Every structure is written in C-alpha cells, then in structure tokens.
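Biologist: Before we begin, may I ask for some guidance on reading backbone angles and nonpolar cores in a structural model?

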Amino acid sequence: MQAEYRQRREQLMAKIGNGTAIFRSAPMAVMHNDVEYVYRQESDFFYLTGFNEPQTVAVLAPHHPEHQFVLFVQPKDREKEVWSGYRCGVDAAKEIYGADEAYPIAELSEKLPQYLEKCDRIYYHLGRDRAFNDNILGHYQSLLRTYPKRGTGPIAIEDTGPILHSMRLYKSQAELELLRQAVAIAVEAHNHALKIAAPGRYEYEIQAEIEHIFRLRGGMGPAYPSIVAAGANACVLHYIENNCQMQDKDLLLIDAGCAYGYYNSDITRTFPVNGKFTPEQKILYEIVLEAQEKAIAQVQPGNPFTAPHDTAVRVLTEGLVEIGILKGEIDKLIEEEKYKPFYMHRTSHWLGLDVHDVGLYQHGEDKPQLLQPGQVLTIEPGLYIVPDTKPAEDQPEIDPRWVGIGIRIEDDVLVTPDGNEVLTAGVPKAVKDVEK
C-alpha cells in the first residue's frame, strides 16, 4: 500500500502547485476518566500516509527542493511504549512510510516555517483542535507580516477538502479490494442474523452475533453503532439501545456494517422474526423493495446523484397513496413533501473511508454531482409509520394496522463504466428469501 499512498500524495501535490498542505492526525478520544477508546486515525491523514498514530503532523511541500513529504511524529520512548504500545519513531517514519524528512513532534513550531516561507498559500482544514488551528494561523500571520521584506510566503489559507475529497470520491482498485472485504464480512454477519433471529430473543443477542463475526473475520469492528431494532423501534432511524425482546409478529430492522482496513460497509435488511410477514408488513415491504430496486437502476454513469432519491420518493409516494396513507395527486404530494412524515431521510450517501464519505453532492444550486465509475454510494429507501404521527389537515387519518411498522433496505453500490454493481447482493431481500 505504500506505493498507493505515495501516488495519492503526488496527485495532491500536483494539484496544489506552489502551496504547502498541512494535515493533523486525529486526537485520542477518552472513554471515561483516563481510559481511551481504540485509536482511529483521521481519514484524510490516513488516506495520504497510512500512518496510524496520534500526535502526528504531515506536511506536503511540492516546492521544497528536498523535502516534499515531511512527518512530525512521536519519538521512540521505551517507558511510554511499555504502557501504551509501540511507536514508529522518527527514523522508521522515513524508512517505512517514505517521508523525505521526519522530526519529533515537539519540533513542529521550529521546523514548519521552512516549508511555508516560499509557498504561495497554505492548504489546511480548520478542525476541532483549536490550539492547533491557532498554531497554524500564528505561522500564517507571522509570515504575512514579513512578506513585504521577502516578497515570498503564503498570502492565503485554503481548505484541503475541496481538492482532496474530490480525489477520495473515486475509489482505486486497492480501495475497492478493502471495501469488498468489508462487505463480505458484513454479508456473512447479516445472513447469520437472518438465520438466528426468533421471537423471545433480545436485540442485543443479534448485535453480539453480528459483531462477533466482524472481529472473527479480521474486521476492525462495527463501522458505526449497530442498529438492531425490533417492532416499533425500527421507526427510530438511529436506534442503538438494542435492549428489547423480539415479539412474535415483529419485524427486525438491522443496519450494521463492518470496518476493514479503515474502509466500511453499510447494509440494512428488514425481515419478520417469526419467518412470516403479516399482510400489512408485506405490503409496505414490497413498496420499499420496489423503490430500492428502481433507485438502484438509476445508478448509471452520467446520471445525477439525485436520480436514485427522486425515483425512490416517487415509488414510495405512489405506494402510500395506493394503500390510503396519503391522498392526492402524486406530483403535488412530492412537491409539497407530504411523504416526509413516513420517509424523512435521503436515499443515498457516499461510502468509503468514512461511512458517510466525503465528496460533493451538489456543484451549486440545481447542479447535482454526476455519477461516475469508481464512486460508491448507498441506496437505502425506507418507510416508517411512526406511532403518534399527526397527518396534515388534507390527509387521511392513519389506519392503526400500519402504525409501528418501520422498514429500510440498504445496499452498497459501485458505479461501473456500463452501469452498477451491487456489492452487497449476497444478503437476500426478496420476500421469498427472507421468509422462513
């Protein structure tokens, strides 16, 4: 992978020209008191370096005669490493990670100016670390003050996101291999959950079985907090308590993905825990399934990113009218967003190093991103007949037989040169396949 990281850095440096880009590692996150969470590197930093330690800064300076890639890292410290794990150290940062130069992180303020004083702008994302933001701004202001004497130095700060995130939007073959592995593990876990779910079991039991497979197969763990929602719990979009007992006629909505090599899968399936849909559950499920299948068909090169969502909204709205939950002319209902009490989220998001991955969705008003080969997105329509939903004045009362049913079906889809590939097709979703 080091060749891959180097290629990404070279691509970014070609885009920033005479600029200098600065990237800060993720901080350690505290679980409670002095106990820390397992470390997870900041995604942009990892994308460019593959380096997985905190208290690190990467500098890309394409204009520098010797040091285009510089790492500031924690130095080796035997006593601290005994407690907290091995550190790469300064020398290995060059030998293993390909840095042209490396320094102890304590020398950042001293050494950084030499990589800034001849650049024309600084590329840096103002993150949550206010002290580090102030550090970078301080260097910038200092160089601005002395600019008249030198005639060189940065005269602007530009966010790294627009350039770097447009790169991350298109997945390389190496990235797709990691994504496919994250998908394969999650597919196995979802299929296992379908087999073992039964009335009387608890949501957390299913969660435990799913996440056991994630780790057993070499994954980093869940890509996000797993949602295992039985019955009306499925109407809570980000339900994560997972502590209820499944009842005989419940549907079970499972939204769970695996992280593997920093890349993430994201799958949702909904099925009856007793193996048989009720008539109402089946009707709503087939509406959502049709919406999803038609939305996936819209994943084609050159189509706008909004096409899958627009298609799903139309199918869902037509279905809600057909069963009497909505009343009116379809186009007007869509225009007035009368479907939103029952479908309140979007159909898609980018997928990759982050579950809700980076990359533009719009290029200004009414200019949606066009789908292109190498992009990966989710397709996840749903219907949620939330208890106590109050219909609009011009809409009918909701028949109680629909209330408390929540359904979502989600797949991860790769845009290919001639259409799409459903990466998560290994998890069944046809009625005949999810019923027992």
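**Exposed residues and nonpolar cores**

Modeller: At 70% relative accessibility, D388 counts as exposed, the cut-off for that class being over 50%. Please bear in mind that the model is predicted.

Biologist: Where does D388 lie?

Modeller: D388 is located in the loop that joins β16 (382–384) and β17 (406–408).

Biologist: What sign does phi usually have, and what is the phi of D388?

Modeller: Most residues other than glycine have a negative phi. D388, although not a glycine, has a positive phi of about 70°.

Biologist: What is the corresponding description of D366?

Modeller: D366 is not a glycine either, yet its phi is positive, at about 60°. The loop between α12 (330–335) and β15 (376–379) contains D366, and with a relative accessible area of 68% this residue is exposed.

Biologist: Turning to the interior, how many residues does the largest nonpolar core have?

Modeller: A nonpolar core joins buried residues of nonpolar types through their side-chain atoms. Here the largest one has 107 residues, and those with the most contacts inside it include L12, F23 and I206. Helix α8 (residues 173–196) contributes the most to this core, eleven residues. Domain 1 (1–167) and domain 2 (170–435) both supply residues to this core, so it lies between them.

Biologist: Which residues does L12 contact, leaving aside its neighbours within four places in sequence?

Modeller: With those neighbours set aside, L12 is in contact with F23, L48, L60, I163, L164 and M167. Apart from the largest core lies another, of 19 residues, among them I22, V59, F72 and L108.

How values were computed. Residues are numbered from 1 along each chain as its sequence is written. This is a predicted model: local features need pLDDT of at least 70, side-chain atom pairs count only at pLDDT 80 or more; totals for chains, interfaces and linings use all residues. Side-chain values use heavy atoms; hydrogens and water are left out. A nonpolar core is a set of buried Ala, Val, Leu, Ile, Met, Phe, Trp, Tyr and Cys residues joined through side-chain atoms within 4.5 Å. Buried means under 20% relative accessible area, exposed over 50%, partly exposed in between (1.4 Å probe, protein chains only). Helices (H or I, at least four residues) and strands (E, at least two) are DSSP runs, numbered from the N terminus. Domain bounds come from an automatic or database domain assignment. Contact means heavy atoms within 4.5 Å.
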